[in-house]
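This briefing covers the cross-links, salt bridges and burial of one protein chain. The sequence and structure come first, and the notes follow by topic.

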Amino acid sequence: TTNSLDDEEIFVCKLHGPVFVSQLPHADFSASDTAFCTTGCIDFSNQSSASISWHWEFPGADRLTDTNQTPQNVCYSVSGIYDVILIARNSFGADTLRKVNYISVYSQDSASILVHHLDTLMCSGDSIQLCSSGNFLSYIWNTGDTSTCIQAKTAGAYWLTTTDANGCSASSDRQEVSVYPVPTVSVSVNR
């Protein structure tokens with residue numbers, strides 16, 4: 001169709017049928033947590049647009065790749081700082097998103113108990129000092145005490161759980177303490 005407007009021609013075309021506009025995918029994601037302790041597992045949320053398939057890469061994770069839209073239960077058992085990569089695809093192309101240093105996995109020194117005087121045998125009425133082997137943010141002994149060291153005065157098992165500045169916890173092995181009764185001494189004089 002041709003129209004005239006002040007000596008210029010304007011052409012108008014009519015389209016018949018649907019019009020398709022191609023849209024490239026856009027990769028985006030988030031994680032349920034990005035800083036946690038070893039043996040932690042997290043879930044990923046895919047926030048990509050215009051994508052129909054996904055390829056994930058998890059360097060440092062127990063599972064290195066995944067093709068699910070929203071990977072669940074991705075576990076990290078070694079401390080470190082890790083990237084996460086998502087490639088979102090559709091029939092018009094692909095988009096890659098690499099989040100550098102996105103996951104921080106912390107480890108904690110193991111908790112252990114130091115026994116002062118290296119002996120866990122004592123006489124009734126005595127005590128043995130038990131201490132944590134390291135410096136941590138918090139301590140909780142099975143007795144309920146929250147100090148670095150405790151005085152064990154009764155026979156039984158003692159252990160503690162420590163938490164570091166990253167929120168990572170570790171529990172010590174059990175330390176058995178034995179108490180022996182004070183022996184009775186009788187002195188007799190023979191004449």
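**Contacts and cross-links**

In the protein, 50% of the contacts (heavy atoms within 4.5 Å) with a separation of 6 or more are between residues 24 or more positions apart. The model is a predicted one: local features need pLDDT of at least 70, side-chain atom pairs count only at pLDDT 80 or more, and totals for chains, interfaces and linings use all residues. Residues are numbered from 1 along each chain as its sequence is written, and side-chain values use heavy atoms, with hydrogens and water left out.

**Overall make-up**

- The protein has zero helices and 20 strands; both are DSSP runs numbered from the N terminus, helices being H or I with at least four residues and strands E with at least two.
- Of its 191 residues, 29% count as buried, where buried means under 20% relative accessible area, exposed over 50% and partly exposed in between (1.4 Å probe, protein chains only).
- The exposed area of the protein is about 12500 Å², and carbon and sulfur atoms supply 50% of it; accessible areas come from the Shrake-Rupley method with a 1.4 Å probe, and for residues only the protein chains shown count as cover.

**Disulfides**

- Three disulfides are present in the structure, a disulfide being a pair of cysteine sulfur atoms within 2.5 Å.
- With the bonded cysteines numbered in sequence order, the pairing reads 1-6, 2-3, 4-5.

*Cysteine 37 and cysteine 168*

- Cysteine 37 is joined to cysteine 168 by a disulfide with an S to S distance of 2.1 Å.
- Cysteine 37 lies in strand 4 (residues 35-37) and cysteine 168 in the loop between strand 18 (160-163) and strand 19 (169-171), so this disulfide ties together parts that are 131 residues apart in sequence.
- The S-S torsion of cysteine 37 and cysteine 168 is about -105 degrees, so the link is left-handed.
- Cysteine 37 is partly exposed at 22% relative accessibility, whereas cysteine 168 is buried at 2%.

*Cysteine 41 and cysteine 75*

- The sulfur atoms of cysteine 41 and cysteine 75 are 1.9 Å apart and form a disulfide.
- This pair links distant parts of the chain, 34 residues apart, with cysteine 41 in strand 5 (residues 40-42) and cysteine 75 in strand 9 (residues 74-76).
- A torsion of about 105 degrees about the S-S bond of cysteine 41 and cysteine 75 makes the disulfide right-handed.
- Cysteine 41 is partly exposed with a relative accessible area of 38%, and cysteine 75 is buried with 18%.

*Cysteine 131 and cysteine 149*

- Cysteine 131 and cysteine 149 are joined by a disulfide, S to S 1.9 Å.
- Cysteine 131 is in strand 14 (residues 128-132) and cysteine 149 in strand 16 (residues 149-152), so the pair ties together parts 18 residues apart in sequence.
- The link of cysteine 131 and cysteine 149 is right-handed, with 110 degrees about the S-S bond.
- Cysteine 131 is buried at 5% relative accessible area, while cysteine 149 is partly exposed at 27%.

**Salt bridges**

- Two salt bridges turn up in a search of the whole structure; the criterion is a side-chain nitrogen of Lys or Arg within 4 Å of a carboxyl oxygen of Asp or Glu.
- One of them is between the side chains of arginine 63 and aspartate 66, at 2.7 Å from N to O.
- Arginine 63 is partly exposed at 29% relative accessibility, and aspartate 66 is buried at 7%.
- Aspartate 83 and arginine 98 also meet in a salt bridge through their side chains, at 3.0 Å from N to O.
- Aspartate 83 in strand 10 (residues 80-90) and arginine 98 in strand 11 (residues 93-106) are 15 residues apart, and the pair links distant parts of the chain.
- Aspartate 83 counts as buried at 17% relative accessibility, and arginine 98 as partly exposed at 47%.
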